[in-house]
Amino acid sequence: MKLGTKLIHAGVAPDPSTGAIMTPIFQTSTYVQSAPGVHKGYEYARTQNPTRDALQNALAAIENGTHGISFGSGLAATDAVMKLLSPGDEVIATNDLYGGTYRIFTKVFERYGIRFNFIDMSDARNIEAHITPKTRMIWLETPTNPLLKIIDIAACATIARKSEVILCVDNTFASPYLQNPLDLGADIVLHSATKYLGGHSDVVHGVVIVKNEDLAKQLYFLQNSCGAVPGPQDCFLVLRGIKTLHVRMQRHCENGVVVANFLRNHPRVDKVYWPGFTDHPNHDIAKQQMRGFGGMMSFTLKDDSIESANRILSNTHLFALAESLGGVESLIGHPASMTHASIPRADRIKNGLADSLIRLSVGIEDADDLTEDLAKAIG
């Protein structure tokens, strides 16, 4: 199947009991057994749920994996991946990443003896100098959050295989429509399905996708044993969102081109971070590993002050000031005080995340209306 068809059909089938074309919401906590251990494949809803099974199959299919494992949030998915490790293990992570990921790494798992080394991965060769005998995982986002850096997944995969470490790619910003890390050699793909996969700002969900049987068994064990599972209603909403991912992402990409160029040509805007620009660092890598450049971008002002940024953040009307991203509606945010507030300011500044940086999640509204909204807010 081609991608648009796969997103609608792969991994799901009409309900065998009724013929319902949409997977039913199996809102139950347990399942009746005819005798101890004799059942229809379902025992207890933390362990299995038919709605969740359908979603997990669909997610595996659209990322070209073999196993999808769903969780109650993107951070619950991250938590499960980290539990593959043991005290004393080391992780090399990109230094530009979601603040919640940084927080769970440094405030939770460092307490249990896992060490994290945050480095610039713009040149993947930089990773090799930081690998030690204790390194067990390489963790990256691409495009990164919020500076939209591009990391060469295939190059990272080569380094990971050579060093016999796990490569995990957070693919939230790109979505499976734009990028498939497993095809490029990654071992694990992670999504906050709250974002583009759900697509309508109405569900919180996370997923891990693999194509290694041993990793899948470990992650299913953690899913069941630790219990951070999503409810069937949430699974249904993500299943529904996946069916329109391709048409939504097409519009996100089209609008992204318009808004990014509008910002770059605005006299009061300084830097615009968006991988679609030909002079963006690693633009050629983005062209190779992505099918488009998406609707996520960030920018700074020539008047590089928090006050100027706050005036814009409080004066848009179509761009809603809110956490999150990837919905049909456009969002505007201030990473330093919102999504990345958990990262110490000194570390944010060192990694290029200015206090005045503004992040946009460009939605699927009319692009002219979006640029007019920004024009009025920027002044």
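Two strands are taken to pair if DSSP finds at least two bridges between them. With that in hand, the predicted model described here can be entered through one of its strand pairs, where Ile 92 stands opposite Asn 117 in E3. The strand partnered with E3 here is E2, which covers residues 90-94. E2 and E3 run in the parallel sense and are joined by five bridges. Another point of this pairing is Val 91, whose bridge partner in E3 is Phe 116.

E2 has a second neighbour as well. Four bridges join E2 to E4, and these two strands are again parallel. Here Ala 93 has Trp 139 of E4 as its bridge partner. As general background, strands of a sheet pair through backbone hydrogen bonds, either parallel or antiparallel.

How covered is E2 by the rest of the structure? Five of the five residues of E2 are buried, so the strand is largely enclosed by its surroundings. The side chains are divided between two directions: Glu 90, Ile 92 and Thr 94 point one way, while Val 91 and Ala 93 point the other way, and all are buried. After E2, the chain passes through helix H4, residues 99-108, before reaching E3, and this β-α-β crossover is right-handed.

Stepping back to the whole sheet, seven strands make up an open arrangement in the order E1-E7-E6-E5-E4-E2-E3, and their pairing is mixed. Its two edges are formed by strand E1 (67-71) and strand E3 (115-119), each of which pairs on one side only. From one strand to the next, the twist averages 20 degrees.

Helix H3, residues 74-82, packs on this sheet. Which strands does H3 touch? The helix is in contact with E1, E3, strand E4 (135-141), strand E5 (166-170), strand E6 (188-192) and strand E7 (206-210). The direction of H3 makes about 155 degrees with that of E6. H3 is mostly covered, with seven of its nine residues buried. The buried residues are Gly 74, Ala 76, Ala 77, Thr 78, Ala 80, Val 81 and Met 82.

H3 also meets H4, the helix of the crossover between E2 and E3. The axes of H3 and H4 lie 11 Å apart, and the two helices pack at an angle of about 40 degrees. The crossing of H3 past H4 is right-handed. On the H3 side, the contact is made by Leu 75, Thr 78, Asp 79 and Met 82, and on the H4 side by Gly 100, Thr 101, Arg 103, Ile 104 and Phe 105. Sorted by class, these contact residues comprise four nonpolar, three polar and two charged ones. Thr 78 and Met 82 take part in this contact and are also among the buried residues of H3.

The backbone holds a few details worth pausing over. Where do the cis peptide bonds before Pro 143 and Pro 146 lie? Pro 143 belongs to the loop between E4 and helix H5 (153-163), and Pro 146 is found in the loop between E4 and H5 too. One cis bond joins Thr 142 and Pro 143, with omega about -5 degrees. The other joins Asn 145 and Pro 146, with omega about 15 degrees.

Positive phi values in residues other than glycine occur at Ser 201 and at Asn 282. For Ser 201, phi is near 55 degrees, and the residue sits in the loop between E6 and E7. Its relative accessibility is 47%, so Ser 201 counts as partly exposed. For Asn 282, phi is near 70 degrees, and the place of this residue is the loop between strand E8 (269-273) and helix H10 (283-289). Asn 282 is partly exposed as well, with a relative accessible area of 23%.

A last stop is Leu 3, which is found in helix H1, residues 3-9. With which residues is Leu 3 in contact, leaving aside its neighbours within four places in sequence? They are Pro 176, Tyr 177 and Arg 291. Leu 3 and Ala 60 are 57 residues apart along the chain, and their C-alpha atoms are separated by 13 Å.

Conventions: Residues numbered from 1 in each chain as written. Predicted model: local features only at pLDDT ≥ 70, side-chain atom pairs only at ≥ 80, totals over all residues. Heavy atoms only, no water. Axes fitted to C-alpha atoms, helices over the stretch in contact; angles between N-to-C directions. Contact = heavy atoms within 4.5 Å. Buried < 20%, exposed > 50% of the residue type's maximum accessible area, 1.4 Å probe, protein only. Right-handed = clockwise from strand over helix to strand, strands pointing away. Left-handed = near helix turned anticlockwise from the far one by under 90°. Nonpolar A, V, L, I, M, F, W, Y, C, P; charged D, E, K, R; others polar.
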